[in-house]
Amino acid sequence: MLIDSTSTKQWSNKVYYREVISGGVIVAFNQMKILNDLRKAQKDLAKEIVEVEAGDGAVVVQVTGELKVKSVKIDPEYVDLDNISELEHWIEIAIRDGMAKAQEIAAEKMKPLMGGLGNLGL
């Protein structure tokens, strides 16, 4: 029996393509899982709230894990209306520190998931 070399090559290529496609499907599922895990982590971060105070409690700022300022509270007992720049400084400190802490929390929560992003081509 004679075997046509072109038909053998075609069959071999089909097997090869089938393996590549099935491997690609596995990679695609892994990428989808990683993206879903990232979305879940982002939703969880939205629920995280960091509270920071400045000026011995004169200013209290809450920042979410999404790095959004949720609230700013000012205790009027500590505010000297003749020294508004001091209040402004406390607000700046509280927001800066709140953002920094929220970023740390976000980085910690996202760190385990970031290793898989190299496979996504992002």
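This is a short tour of the model, stop by stop, with a selection to make at each one.

**Whole chain**

Start with everything shown as cartoon, and keep in mind that this is a predicted model. The protein chain has two helices and three strands, and colouring from one end to the other brings out the order α-β-β-β-α. Now switch to a surface. The protein chain exposes about 9,200 Å², with carbon and sulfur atoms supplying 56% of that. If you colour by burial instead, buried residues come to 25% of the 122 residues. For a feel of how the chain folds back on itself, take the contacts between residues at least 6 apart in sequence: 50% of them join residues at least 24 apart.

**Helix α2**

Select 84-114, which is α2. This helix has 31 residues and spans 43 Å from first C-alpha to last, close to the 45 Å expected at 1.5 Å a residue. Where does α2 bend? Go to E108, where the bend is about 30°. While you're there, pick out P112, a proline that follows within four residues.

Next, show side chains for the buried residues of α2: L87, W90, I93, A94, G98, A102, A106, M110 and L113. As you look down the helix, it helps to recall that an α-helix has 3.6 residues a turn, so residues three or four places apart point the same way.

Then try Q103, also in α2. Is Q103 buried or partly exposed? It counts as partly exposed, at 46% relative accessibility. Draw a C-alpha to C-alpha distance from Q103 to T64 and you should get 9.5 Å, for two residues 39 apart in sequence.

**Salt bridges**

How many salt bridges does the structure hold? There are five, and three of them are on this tour. The general idea is familiar: side chains of opposite charge can pair when their charged atoms come close.

Begin with K109 and E48, whose side chains meet at 3.4 Å, N to O. K109 sits in α2 while E48 belongs to the loop between α1 (5-47) and β1, so this pair ties together parts that are 61 residues apart in sequence. Neither end is hidden away: K109 is partly exposed at 35%, and E48 is partly exposed at 27%.

Stay on α2's stretch of numbering and select R96 and D97. They form a salt bridge with the closest N and O atoms 3.3 Å apart. R96 counts as exposed, with 52% relative accessibility, whereas D97 is partly exposed at 27%.

For the third, centre on K68 and E66, a salt bridge with an N to O distance of 3.9 Å. E66 is partly exposed, at 40% relative accessibility.

**Two loop residues with positive phi**

You're already beside the next stop, so select L67. This residue lies in the loop between β2 and β3 (69-74). Its phi is near 65°, a positive value in a residue other than glycine. That's worth a click because most residues other than glycine have a negative phi. L67 counts as partly exposed, at 33% relative accessibility.

Now hop to the loop between β1 (49-54) and β2 (59-64) and select D56. Here too phi is positive, about 55°, although D56 is not a glycine. How does D56 stand with respect to the surface: buried or exposed? D56 is exposed, with a relative accessible area of 70%.

**Strand β3**

Finish on β3, with two residues that sit differently. Select S71, which lies in this strand. S71 is buried, with 15% relative accessible area. Which residues does S71 touch, leaving aside neighbours within four places in sequence? Show V60, V61 and Q62: S71 is in contact with these three.

Then select V72, also in β3. V72 is partly exposed, at 39% relative accessible area. Add V69 and I74 to the selection and switch the surface back on. Together, V69, V72 and I74 form a nonpolar patch on the surface, with about 220 Å² of accessible area.

Conventions. Residues numbered from 1 in each chain as written. Predicted model: local features only at pLDDT ≥ 70, side-chain atom pairs only at ≥ 80, totals over all residues. Heavy atoms only, no water. Buried < 20%, exposed > 50% of the residue type's maximum accessible area, 1.4 Å probe, protein only. Salt bridge = Lys/Arg side-chain N within 4 Å of Asp/Glu carboxyl O. Contact = heavy atoms within 4.5 Å. Expected span 1.5 Å × (residues − 1). Bend = angle between axes of the 7 residues up to and from the residue. Patch = residues over 30% accessible without salt bridge, like charges linked within 9 Å, V, L, I, M, F, W, Y side chains within 5 Å. Areas by Shrake-Rupley, 256 points an atom, 1.4 Å probe, with all protein chains shown as cover.
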